[in-house]
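Hello,

Here is the model for your files. Please look through it before reading the notes underneath.

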Amino acid sequence: MSLATAADGAAPQQNWLDRIGAGHVILAVALLLYPLVASDFFLTQIAGYSMIFGVLALSLMLLAGYGGMLSLAQITVAGIAAYAVAILGSNTSNVLGFGWPWWIVVPFAVAAAAVTSALIGWISVRTEGIYTLMITLAIATATFYFAQQNYAIFNGHSGYAGIHAPVFWGIDWRDPKPFYFLCLGLAMLSYAAVLYSSRSTFGMTLQAIRDNPRRMRALGYHVTAHKVFAWFLAGILAGLAGVLLVWFNGRVSPGTIGVDVAIDILIIAVIGGLRHPIGPFVGAIVVILMQTFAIDIVGAERFNTLIGLVFLAIVFVSPDGILGLWGRIKPHLAQGSLRAGP
Amino acid sequence: MSILDQPSSSSLSGGGVTRRQVWGLVGLLAAAIVAWLVFAIWPAWLNAILISKKAFVSAILNGLTLAGLYFLVASGFTLIFGLMRNINLAHGSLYLLGAYIGYEVTSRTGYWLLGVAAGFVVMAIIGVVMQVFVFRRLEGDDLRQTLVTIGISIVAADLMLAVWAGGTYQIATPEWLDGALTLPVITAVRSNGASVFLTYPLYRVVVLAAAIVIGVGLWLMLNKTRVGMMIRAGVDDRAMLSASGVNVHAVFAIVFAVGAGLAGFAGVVGGSALSVAPGEDVRYLLASLVVVIVGGMGSITGAAIGALLIGLAEQIGLVYFPTYGVVLTFVIMVVTLAVRPQGIMGKAR
């Protein structure tokens, strides 16, 4: 008995590193040490921003990669959370702004985003595959125009400004280093959560539904409920990202949830790769770096042409994004080293 | 599957004779009410509810014109989708590029009709080029085709911004299309007994007429010609059409040419009625999406019905509840999806 428990206890300890993966540990350590070498600009504008958009794209990857539902409404969901933060918290636009403390505002904002996402999911799961993309695009565009025209709730074209990240434990969380760790914490947490849930019963069921909905229905699974719950989970991720986004920008306006941003999220996810949760983060870093430094190469004006062409190239060359590209190159490299060996 | 469905559908239509009659009655009643609303002289209480007869009838006419425009854009979209399962998210870009080309040609040559023709022809050529060089390479992969169209629309929007900048253009209409038409609709009666008739821009009536003519033409082409037969067969079963010896690629190219050409045509026509500016591509892409979702994917009749619904809803919404016009469009879409997920005229798959 005691032997058995000892063995049980030893087994996970033994392959603790294997279970998490050496790559993950190295990555986590590197990211934790990153603030020591990086300037404030690289800390927030590059790393923090990439992680926020990485989480947003991760919520899309959860839907598209595991559920087979390609959504263009993730930024809309994040926008709902961002607007909720502005409305329930305090802003300087003199419209609404209930002034609630952040620890009430954030759960409400995330819940609102998750419920909205579930609603969007409930509407769009009535159709399949490529249709989902159309419907979510229509929803995203309609929300954008509505936010632009509605002054009672969304404060129209100008949106809300003067939204501050909370200050507690004596730390202003909008300062570069704390904000970086906030983003890092959220990114790691959501990455681990998606990785875990993909191996959970629910994740397995969702992937099975993606592969063959008819068979799963015949086996007695409630296909719609599973899909809508996936949308709910993705909504939580997108909502959290939306909260960080509004703290980062300090403002939210219809431009935040525009169609171009919605398409940016899709580009990030596709460039990174939709097969593994690390893909969206890779894509986010690539796109944000391009966004920041392409100005030096092609000028700020023609940035969209560049990113559009890169996107086209990725779609043509490697449907699985950069991850897929790596997956294809890796065997060649391994063989190369074998050949070079003797 | 379809054999199994047969009895249930026939029994439905058996019981549907009375149902159809009921719908016919409802339709007649609605038509009578609309006719009365348009031609009768309104009592004061109705004027009080609906602002004024002029506003109401103008909204309906504007809605019809807009519906015509939407139909022109969406019919190409729905044809391409129905045949190739390819959601061409660059369709809005085709509209805008057509409008810009129409503007350039019209302002340089001075002939508006030449501009319209250029918009159609250039876009049709671009459509064929896209089909041959892009979509044929990705055949059978719907998702990648759609992603490619997103990429194309981004690049196209940016390049158009580079060439034509952010300004707003208006395509000049020729003189014979200017002026107003006095319609036999009495909007009010003056105190001296004279009737005030409704006037409406001639150009918009022409847009509506053009949309109807093109709609009928498309219907004839699809239902009465050999190419149309191939297209319809392709919509139903692409593989079978290919197996029976038809060059499917040629059919695809024709459909893409017609669809893209119509988008360009609509661009010039719409750019003359309204204006040409960056951002219009997204607006018309959204319109086509909603029209096609509501009307049913791949159906020309569906596109016409969807365009009517959305165009009227948008203009009536603009007059009576300006802030929530978009929401009305959206509600129509959601209700359609809830009641008939495949769209009003769509086939269940």
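The notes below cover confidence, chain A, the domains of chain B and the contact between the chains.

This is a predicted model, in which local features need pLDDT of at least 70 and side-chain atom pairs count only at pLDDT 80 or more, while totals for chains, interfaces and linings use all residues. Residues are numbered from 1 along each chain as its sequence is written, and chains are lettered from A and ligands numbered from 1 in the order in which they are written.

The model scores are ipTM 0.73 and pTM 0.78. For chain B, the mean pLDDT (the predictor's confidence in each residue, from 0 to 100) is 80, with 88% of residues at 70 or more. Among the elements of chain B, the mean pLDDT is lowest in helix α1 (residues 2-39), at 66, and highest in helix α4 (residues 91-109), at 89. Helices (H or I, at least four residues) and strands (E, at least two) are DSSP runs, numbered from the N terminus.

Chain A contains 15 helices and 2 strands. Of its 342 residues, 45% are buried, that is, with 20 or more other C-beta atoms within 10 Å of their own, C-beta atoms being placed from the backbone.

In chain B, the domain assignment (automatic or from a database) gives domain 1 (1-39) and domain 2 (49-339). Their centres, taken over C-alpha atoms, are 28 Å apart.

The contact (C-beta atoms, placed from the backbone, within 7 Å) involves 31 residues of chain A and 29 residues of chain B. On the chain A side, α7(A) gives the largest share, 11 residues.

Regards

Methods
A residue is buried if 20 or more other C-beta atoms lie within 10 Å of its own, exposed if 12 or fewer, and partly exposed in between; C-beta atoms are placed from the backbone. Two residues are in contact if their C-beta atoms, placed from the backbone, lie within 7 Å.
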